[in-house]
Amino acid sequence: MMDFEKVIDRNKTNSMKWDFYPDRYGADDLWPMWVADMDFQTPQPVLDAMQEVVNHGIFGYHRRPSSLFDATTGWLKKRFDWDVDNNQIVFTPGVVPAISHLIQTFTEEGDGVIIQPPVYYPFYALVQNNKRTLVRNPLKETEEGFTVDLEDLEKKMQAGAKMLLLCSPHNPIGRVWSEKELTEIAKLAETYNVFVVSDEIHADLILEGKHTPFAKVAADREVETMTCLAPSKTFNLASLQLSYVVFENSRSQKAYEAHLQREFVGIDNPFATVAAEAAYRHGEEWLESLLEYVRNNVRYVKEYIETNIPEMKVIEPEGTYLIWIDMRGLNKSDKELENWLRKNAKLALSEGHIFGEEGSGFVRINAACPRTTLEEGLKRLKKAYENA
Ligand SMILES: Cc1ncc(COP(=O)(O)O)c(C=O)c1O
């Protein structure tokens with residue numbers, strides 16, 4: 001079993017998080033807590049399967065075998081009690097490109113696409129680069145935490161938006177949407193005939209409660225749902241570029257496949273195939289241990305901040321390994337906070353405003369790392385706070 005305490009040096013491995021942060025943050029002495037990948041090795045069966053491909057040594061053209069489809073649908077059944085047929089799945093080289101292609105296939109230039117900020121920031125570019133109209137349905141902050149503003153969502157749908165990009169579980173705030181919340185969204189999407197693209201890339205990373213696939217909730221309604229999933233966040237395989245879309249409507253699926261063909265998307269690679277298959281077939285025990293480790297890390301961050309930096313507040317995630325921290329108590333503007341985090345605390349973390357103006361005063365840190373890595377980051381934060 002994996003030792004999650006073990007620190008593996010990622011410097012000089014062309015890691016985006018560790019080697020390339022100076023490009024973004026303008027300094028080379030920061031402690032990286034940004035990019036959503038993990039500082040843990042992928043499970044051993046994945047490494048073994050990839051090693052076998054290396055040993056074979058031939059990397060010619062490759063196709064995804066039916067065993068990968070079987071392993072994928074088997075995983076969805078086991079984890080979410082979700083019955084998905086192999087032929088509902090279309091593999092894609094990443095969730096972000098998949099969403100871009102879904103937007104291109106099912107909407108026209110100028111059409112409204114709804115996002116729910118603060119949200120995973122590439123959603124903005126996905127809508128705007130495709131010349132669609134960005135429609136914002138900001139999350140609502142309540143006494144109990146963040147939730148969907150259904151009243152506002154209805155207004156936006158009524159006004160003619162064509163598509164909703166749902167982030168479920170939600171990055172960066174860590175909400176795992178309840179069946180009730182998803183049902184309300186499905187009802188509205190049905191009434192106003194809105195496509196729902198449900199980005200469920202974090203679905204396996206549930207710390208508290210249960211993930212419900214939106215498509216399951218929408219199954220008995222007339223809602224056109226496309227679900228984006230991947231083993232990449234779950235098993236730390238992001239650079240292998242394997243994800244997939246689950247379709248509920250075969251006509252739409254054909255339209256999407258035709259679009260991918262026109263764009264020449266779809267050269268598969270054998271490392272991704274064997275890694276995904278091994279992860280889905282043999283990675284469950286590893287995943288359960290990972291989740292336990294991340295839960296403890298989240299608890300640690302919460303206690304540390306409550307004890308040492310009471311002006312900050314940890315929004316405990318129900319899902320993902322990302323932690324949303326409320327720093328509004330410091331009374332700093334976006335620019336001041338950014339400078340303070342970089343120059344005083346020497347941290348490279350995700351500043352909240354990049355997820356939308358609603359994220360102003362918040363930051364997102366990544367807890368998928370050995371405890372000592374997390375401790376170093378928090379120590380820097382505490383020191384900067386005490387010296388302020
Ligand atoms: C909500 C969400 N969608 C998509 C991605 C990235 O997906 P991919 O690397 O498959 O394009 C991320 C990565 O952080 C994410 O958080």
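Over residues 39-381 of the predicted model, the chain is 44% helix and 16% strand. The C-alpha atoms at the two ends of this segment are 20 Å apart. The segment corresponds to an annotation in UniProt, where an unreviewed entry lists residues 39-381 as "domain: Aminotransferase class I/classII large".

The ligand occupies the space of the largest pocket. The shell around the ligand comprises Ala36, Gly94, Val95, Val96, Pro97, Tyr120, Cys167, Asn171, Asp199, Ile201, His202 and Lys233. By class, seven of the shell residues are nonpolar, three are polar and two are charged. Among the secondary-structure elements, helix H5, which spans residues 95-106, makes the greatest contribution to this shell, supplying three residues.

Polar contacts to oxygen atoms of the ligand are made by both backbone and side-chain atoms. On the backbone side, a polar atom of Val95 lies 2.7 Å from a ligand oxygen. Among the side chains, His202 places a polar atom 2.8 Å from an oxygen atom of the ligand, and a polar side-chain atom of Lys233 is likewise found 2.8 Å from a ligand oxygen. The ligand taken alone exposes 400 Å², of which the protein buries 87%.

Two cis peptide bonds were identified in the loop between strand E7 and helix H8. One of them runs from Ser168 to Pro169, with omega near -5 degrees. Pro169 belongs to the loop that connects strand E7 (163-167) with helix H8 (179-192). The other joins Asn171 to Pro172 and has an omega of about 15 degrees; Pro172 is also located in the loop between E7 and H8. Asn171, the residue preceding Pro172 in this cis bond, is itself one of the residues around the ligand. Cys167, with which strand E7 ends, is likewise included among the residues around the ligand.

A further backbone feature concerns Thr320. Although Thr320 is not a glycine, its phi is positive, at about 75 degrees. Thr320 is situated in the loop between two strands, E11 (313-315) and E12 (322-326).

Notes. Residues are numbered from 1 along each chain as its sequence is written. This is a predicted model: local features need pLDDT of at least 70, side-chain atom pairs count only at pLDDT 80 or more; totals for chains, interfaces and linings use all residues. Side-chain values use heavy atoms; hydrogens and water are left out. A residue is near a molecule or strand if one of its heavy atoms lies within 4 Å of it. A polar contact is a pair of N or O atoms within 3.5 Å; within protein, one must be able to donate a hydrogen and the other to accept it, and residues adjacent in sequence count only if both atoms are side-chain atoms. Accessible areas come from the Shrake-Rupley method with a 1.4 Å probe; for residues, only the protein chains shown count as cover. On a 1 Å grid over the protein atoms alone, a cavity is a set of points where a 1.4 Å probe fits but cannot get out, and a pocket is an open set with protein on both sides within 12 Å along at least five of seven lines; lining residues have an atom within 4 Å of a point. A molecule sits in a cavity or pocket if more than half of its atoms lie within 2 Å of its grid points. Helices (H or I, at least four residues) and strands (E, at least two) are DSSP runs, numbered from the N terminus. Ala, Val, Leu, Ile, Met, Phe, Trp, Tyr, Cys and Pro count as nonpolar, Asp, Glu, Lys and Arg as charged, and the others, Gly among them, as polar. UniProt positions are given in the numbering used here, feature names are shortened, and annotations may be inferred rather than shown by experiment.
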